[in-house]
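Trainee: I should like a close look at a single part of this structure, set in the context of the chain around it. Please take one strand and follow it outwards.

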Amino acid sequence: ASYDTAGHAHFLVKEIHEQPTSVERTLSGRIDQRFSTAHLGGLNMDAREARAFRRVKILGCGSAYYSGELGAQLIEELARIPAHAEPASEFRYRNPVIEADTLYIAVSQSGETYDTLAAVQEIKRKGGKVLGVVNTVGSAIARECDGGMYLHAGPEISVASTKAFTSTAIAFALIALHLGRVHDLSPADGRRICAGLKAIPDQIRQILEQEKVIADLAAKYSGHEGMMFIGRVRGYPVAREGAQKLKEVSYVHAEAYPASELKHGPLALIGPDLPTVAIVPDDELRDKNLTAMGEIRARSGPVLMVGHTAPDPKLAEDCILVPKNEPELDPILLGIPLQLFAYYAAVALERDVDKPRNLAKSVTVE
Ligand code: AGP
């Protein structure tokens, strides 16, 4: 098939704009209203088997790994099963212990990333159960897994992943809900998450309406040689993916740190030349995040806050506000403005947006 940018300047911005509908497709037919759970027949796993897992290990590369970090948090929070994400490219080289009571989940947009495929094969060789969260139907990773979920996000052409990242996070929310409801997630919490998921497409539309403002901010900050991205717990994978996106498409150096780690080293970098993007949801860690922003401002570091409520203007020069959902689902929405930010920084710097230098859409070699 051939695809075009449908009137957009690049595939990247087209795919960012597709997200309300690509998320709807990921959710379609998967929310079970009656039992406030997710209906996921493709996992090939009955409730008894789902209850037996003691741990979850998520594997992927690059943005797929960062979406796995969001997924691990969702699974721990909603299902209370210890869950961890690791780069598949590291996992496969360290002779990992494969356990029968661990559920392995491989994440890949293309389904062809060699390191992820090799990790899946190694787990299977040693008797582990692997599910795939994959966008491309019939791809190598999808075929190798014991079951899983297709994202149905549609073809992603731009090298930088956006809609597949968001749909992967949605897929993990569904898996977490499903596992939670056979462990100890209450029906009321199940209903709360179902309603939150259904609200996401419209909330993404609301964020996309701020495109012009975000484009202006991106142009303003793209003049700097580097940027810091900080977040805590739920905000940290969002910061990591935001930094990854900016690096990939604008070539501006970007580093992500847990806000709590700033004082353990990177604070030495902070000054007027290094702006920080601070991911600050309205949650129990908001005050701690505001303290970190104060430490940055005290050293004249510019701060762009992405969150739910504008702070004291002394703490952030600029601010992008997103609609609030349930705390567990908020990271999915907080990531959307960072995609637009990276895109417009790349446009301002006249980069090769859809095909950044040195990168391939899927890395099918070692
Ligand atoms: C995403 O923006 C990157 N281009 C890259 O990190 C990508 O996510 C990674 O190579 C994994 O690809 P996959 O999802 O197709 O396996």
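Mentor: What follows is an account of strand β5 and then of its wider setting.

The model is predicted. Strand β5 comprises residues 102-108, and 7 of its 7 residues are buried. Its side chains divide between two directions: T102, Y104, A106 and S108 point one way, whereas L103, I105 and V107 point the other way. Both sets are buried, so that neither direction from β5 leads to an exposed residue of the strand.Strand β5 is paired with two other strands. With β3 (residues 55-60) it forms 5 bridges, and these two strands run parallel; one of the bridge pairs joins K57 to Y104 of β5. With β6 (residues 129-134) it forms 6 bridges, again in a parallel arrangement, and here I105 has L131 of β6 as its bridge partner.

The end of β5 also leads to the ligand. S108, which belongs to the buried strand, is listed with G62, Q109, S110 and T113 as the closest of the 16 residues that surround the ligand. By class, this shell holds 6 nonpolar, 9 polar and 1 charged residues.

The wider chain gives the setting for this strand. The secondary structure of the protein chain comprises 14 helices and 12 strands. For 366 residues, a compact globule would have a radius of gyration near 21 Å, and the 20 Å of the protein chain agrees with this. The C-alpha trace spans about 55 × 45 × 40 Å along its principal axes. Of the 366 residues, 54% are buried. Among contacts with a separation of 6 or more, 75% are between residues 24 or more positions apart.

Another covered element is helix α10 (residues 211-221), in which I214, L217, A218 and Y221 are buried. Seen down the helix axis, these buried residues fall within an arc of 100° and therefore line one face of α10. An α-helix has 3.6 residues a turn, so residues three or four places apart point the same way. The elements that cover the buried residues of α10 include the strands β8 (226-231), β11 (303-307) and β12 (318-321), together with helix α14 (336-348).

A single buried position in helix α13 (residues 330-334) may be added, namely L334. L334 counts as buried because 27 other C-beta atoms lie within 10 Å. Not counting residues up to four places away in sequence, L334 touches G235, V238, I279, P281, V306 and V322. L334 and V280 are 54 residues apart in sequence, while their C-alpha atoms are 8.8 Å apart in space.

Two loop residues complete the account. Most residues other than glycine have a negative phi. N44, in the loop between β2 (37-38) and α3 (47-52), has a positive phi near 55°. N44 is partly exposed, with 13 other C-beta atoms within 10 Å. V233, in the loop between β8 and α11 (235-250), has a positive phi of about 50°. V233 is also partly exposed, with 17 other C-beta atoms within 10 Å.

Note on methods
Residues numbered from 1 in each chain as written. Predicted model: local features only at pLDDT ≥ 70, side-chain atom pairs only at ≥ 80, totals over all residues. Helix = DSSP H or I, 4+ residues; strand = E, 2+ residues; numbered from the N terminus. Buried ≥ 20, exposed ≤ 12 C-beta atoms within 10 Å, placed from the backbone. Contact = placed C-beta atoms within 7 Å. Near = placed C-beta within 6 Å. Nonpolar A, V, L, I, M, F, W, Y, C, P; charged D, E, K, R; others polar. Arc of directions from axis to C-beta. Rg over C-alpha atoms; globule rule 2.2 N^0.38 Å. Pairing = 2+ DSSP bridges.
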